[in-house]
Amino acid sequence: MSAPLVAPSVLSADLVRLGEELRAMEDAGADWHHLDVMDGAFVPNLTFGPLLVAAARRASTGFLDVHLMINDPLTYGLECAKAGADLVSFHFEATPHVHRVLTALKAAGVRTGLALTPSTPVEVLEPVLNYLDLAVIMGVNPGFGGQEFIPETPAKVRRLKSLLAGRAILIEVDGGVAEDNARELLAAGTDVLVSGSRLYGAPDYRAAVAALKKTGGQP
Ligand code: DX5
Ligand code: ZN
């Protein structure tokens with residue numbers, strides 16, 4: 001087990017000070033920035049879109065991991081790629097045209113991810129594994145930060161890890177991640193831990209990032 005990549009979710013940052021917040025998390029040892037795009041339709045919440053991705057791109061050279069929770073991942077996925085995203089994930093449940101969206105994003109030169117809500121089995125990823133850089137297992141129902149972790153999530157990660165059979169696809173867990181479940185998630189095969197409220201809500205970013213990293217073994 002090695003230290004996970006840690007991706008603070010900008011959803012819980014102070015957006016008035018976006019640039020400062022991104023830099024503070026980078027200085028604290030965070031690996032990626034996670035940006036939650038919501039459309040008020042696929043999920044019952046509205047956040048931000050390509051404009052904020054572009055603002056983050058201007059403010060930071062860090063890795064921008066965009067998580068689309070929207071019904072039109074093709075249009076806005078390509079917009080986010082243009083805005084400077086390094087990776088764009090969208091939801092399997094949002095479109096009947098998963099393969100089309102994945103190939104369009106790849107053609108745009110961006111890394112791709114597919115996210116699954118808690119009730120979607122990992123087996124749906126099997127037909128599109130060749131087009132994926134990341135698989136996102138939700139630890140909560142998507143829509144809001146600060147929700148309680150769904151306890152079946154580590155078992156789902158274990159099933160995904162065996163489905164991937166050694167392929168170079170990273171496993172990300174998003175939602176409800178905390179020190180007390182991170183160890184089990186990492187043991188199950190998780191590579192990237194997203195955390196919003198617990199990282200951006202922490203008084204000391206460095207200590208909070210280090211605490212998550214430490215769950216993977218040596219600091
Ligand atoms: C939930 C979002 C998550 C959220 C995580 O729909 O996709 O990325 O920001 O927040 P926490 O870590 O507070 O559960
Ligand atoms: Zn997210």
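In the predicted model, a salt bridge of 2.6 Å, N to O, joins the side chains of Lys 213 and Asp 31. Lys 213 belongs to helix H8 (residues 205-214), whereas Asp 31 is found in the loop between helix H1 (18-27) and E2, so this contact ties together parts of the chain that are 182 residues apart in sequence. With a relative accessibility of 29%, Asp 31 is classed as partly exposed.

In the whole structure, 7 salt bridges were found. One of them connects Glu 20 with Arg 17, at 2.7 Å from N to O. Glu 20 has a relative accessibility of 46% and therefore counts as partly exposed, since that class lies between the limits of 20% and 50%. Arg 17, with a relative accessible area of 32%, is also partly exposed. These two residues take part in a network of salt bridges that links Asp 14, Arg 17, Glu 20 and Glu 21. A further salt bridge is formed by the side chains of Lys 82 and Glu 79, with an N to O distance of 3.4 Å. Both residues lie in helix H3 (residues 73-82), where they are 3 residues apart, about one turn of the helix. Lys 82 is exposed, because its relative accessible area of 67% is over the limit of 50%. Glu 79, by contrast, counts as partly exposed at 32% relative accessibility.

The zinc ion (ligand 2) is held by four residues: His 34 through NE2, Asp 36 through OD, His 67 through ND1 and Asp 174 through OD, at 2.0 to 2.3 Å. The site has 6 donor atoms, and the angles among them range from 71 to 173°, which gives an octahedral arrangement. Along the sequence, the spacing of the donor residues follows the pattern H-x1-D-x30-H-x106-D. Distant parts of the chain are thereby linked, as His 34 lies in strand E2 (residues 32-38) and Asp 174 in strand E7 (residues 170-174), 140 residues apart. Both His 34 and Asp 174 are buried.

Ligand 1 is surrounded by 20 residues, the closest being Asp 36, Gly 143, Asp 174, Gly 196 and Ser 197. Several polar contacts involve oxygen atoms of this ligand. A polar backbone atom of Gly 143 is 2.7 Å from an oxygen atom of ligand 1, and a backbone N or O atom of Gly 146 lies 2.8 Å from an oxygen atom of the ligand. Ser 9 contributes a polar side-chain atom, placed 3.0 Å from an oxygen atom of ligand 1. On its own, ligand 1 has 380 Å² of accessible area, and the protein covers 100% of it.

Notes:
Residues numbered from 1 in each chain as written. Chains lettered and ligands numbered in written order. Predicted model: local features only at pLDDT ≥ 70, side-chain atom pairs only at ≥ 80, totals over all residues. Heavy atoms only, no water. Donors = N, O, S within 2.8 Å, 3.2 Å for Na, K, Ca; no water. Tetrahedral: all angles 85-135°; square planar, octahedral: opposite > 155°, others 65-115°. Helix = DSSP H or I, 4+ residues; strand = E, 2+ residues; numbered from the N terminus. Buried < 20%, exposed > 50% of the residue type's maximum accessible area, 1.4 Å probe, protein only. Near = heavy atom within 4 Å. Polar contact = N/O pair within 3.5 Å; in protein donor to acceptor, adjacent residues only side chain to side chain. Areas by Shrake-Rupley, 256 points an atom, 1.4 Å probe, with all protein chains shown as cover. Salt bridge = Lys/Arg side-chain N within 4 Å of Asp/Glu carboxyl O.
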